[in-house]
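User: I should like to learn how charged side chains and strand pairing are read from a model. May we begin with the charged residues?

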Amino acid sequence: TENFNHPDWLKLIIQKDWPGNWREILKNNNSRPPMTLRVNTKIISRNDYILLLEKEKITSTPTNFSKTGVSLKTARQVQDLPLFREGGFIVQDEASQLTYEVISPNTGQKILDLCAAPGGKTTHLLQGNDDIKVVAIDNDEMRLSKLKQNLKRLKLACSILHGDATEQNFWANGKPFDVILVDAPCSSSGVIRRHPDIKLRLTESKIKELNNRQLKILMRAWKSLKINGICVYSTCSILACENDEIVRNFLMQNKDAFCEKIDVNWGIETQFGRQILTGHYNMDGFYFSKIRKTYLKNRP
């Protein structure tokens, strides 16, 4: 039999979740990921940045689906890339960049970004809209300081709070949010190619613990979402137990929640969202679900 260098229990889960794709997923987990940047379009356009890289003899291509992404043919030290100090870009995989498209924030919206550090998605929301107010939250001081550095370098600003999103709604100051992004802590099974040690560190009991946290954070967040607001639940996981199953569980407990179809030309449609499998168009594995809060009587 083929040896994919994965623990058996993980291989079995992936086989069960993705019977038609598991071989390709395991193979891609063992491949080399691209170095992908998100251009800070407040500072330079993507095309101009690609030309700038060309001048420095750095070969790059625009990403397939993200309008702001650039993939480098060969990885480089970030400090050596043009406009690093000036905040011209941030390293961020294309799959993660697609969060912006799923949310499609509108001017003037108030957005809660839970588990926000180190801030790839936070800074993307801010660079795309001048007038949104973002509150970013994380429970890890070290990662929060990375978020602050990224904001500073990219010349962007938002409110930052330190705290555990499962605890209580310490971010709520009476006014509900228009949009909440729950970028839930997960197994990171979609980024094994970037961190091969995940295969050694991950256990089934760890995933069960994460499942409890994921649902708890989603339930907490929901209380702070306004009627007709959108909650986007995302993970860098390819496991159904962290994705569709969490959302199914959540919907069963919240009758004012319903899933909206994510109408895009990437990923695979699942029952409650959209899944990018590891290596699909050379992206990381990623999941999105878009949940709207409705008046109970207006449920479709």
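Analyst: Please note that this model is predicted. Side chains of opposite charge can pair when their charged atoms come close. Arg46 shows the contrary case: the residue is buried yet has no salt bridge. The nearest side chain of opposite charge, Glu94, is 6.6 Å away, whereas a salt bridge requires a nitrogen and an oxygen within 4 Å.

User: Which backbone oxygen does the side chain of Arg46 reach, and in which helix does Arg46 lie?

Analyst: Arg46 belongs to helix α3, residues 46-55. Its side chain reaches the backbone oxygen of Lys67 at 3.4 Å. Beyond its neighbours within four places in sequence, Arg46 is in contact with several residues, among them Val39, Pro62, Thr68 and Val70.

User: How many salt bridges does a search of the whole structure find?

Analyst: The search finds twelve. One of them joins Arg193 and Asp93, at 3.9 Å from N to O. Arg193 lies in the loop between β8 and α8 and Asp93 in the loop between β4 and α4, so this pair ties together parts that are 100 residues apart in sequence.

User: Are Arg193 and Asp93 buried or exposed?

Analyst: Arg193 counts as buried because its relative accessibility is 5%, and Asp93 is buried at 9%. Both residues belong to a network of salt bridges that also links Arg194 and Asp284.

User: Which residue forms a salt bridge with Glu260, and which with Lys261?

Analyst: Glu260 pairs with Arg292, with the closest N and O atoms 2.4 Å apart. Glu260 is in strand β10 and Arg292 in strand β13, so the pair ties together parts that are 32 residues apart in sequence. Glu260 is partly exposed, at 22% relative accessible area. Lys261 pairs with Glu269 at 3.2 Å between the closest N and O atoms; Lys261 is exposed at 54%, and Glu269 is partly exposed at 48%.

User: How should strand pairing be read, and in what order do the four strands of the open sheet stand?

Analyst: Strands of a sheet pair through backbone hydrogen bonds, either parallel or antiparallel. Here the order is β2-β3-β1-β4, with antiparallel pairing. β2 and β4 stand at the edges with a single partner strand each, so one side of each is left without a neighbour in the sheet. Neighbouring strands are turned by 30 degrees against each other on average, direction ignored.

User: How many bridges join β1 to β3, and which helix packs on the sheet?

Analyst: Four bridges join β1 (residues 35-39) to β3 (residues 69-72); within β3, Val70 is the bridge partner of Leu37. Helix α6 packs on the sheet, touching β1 and β4, and its direction makes about 30 degrees with that of β1.

Methods: Residues are numbered from 1 along each chain as its sequence is written. This is a predicted model: local features need pLDDT of at least 70, side-chain atom pairs count only at pLDDT 80 or more; totals for chains, interfaces and linings use all residues. Side-chain values use heavy atoms; hydrogens and water are left out. Two strands pair if DSSP finds at least two bridges between them. Helices (H or I, at least four residues) and strands (E, at least two) are DSSP runs, numbered from the N terminus. Axes are lines fitted to C-alpha atoms, for helices over the stretch in contact, and angles run from 0 to 180 degrees between N-to-C directions. Contact means heavy atoms within 4.5 Å. Buried means under 20% relative accessible area, exposed over 50%, partly exposed in between (1.4 Å probe, protein chains only). Lys and Arg count as positive and Asp and Glu as negative; His and the chain ends are not counted. A polar contact is a pair of N or O atoms within 3.5 Å; within protein, one must be able to donate a hydrogen and the other to accept it, and residues adjacent in sequence count only if both atoms are side-chain atoms.
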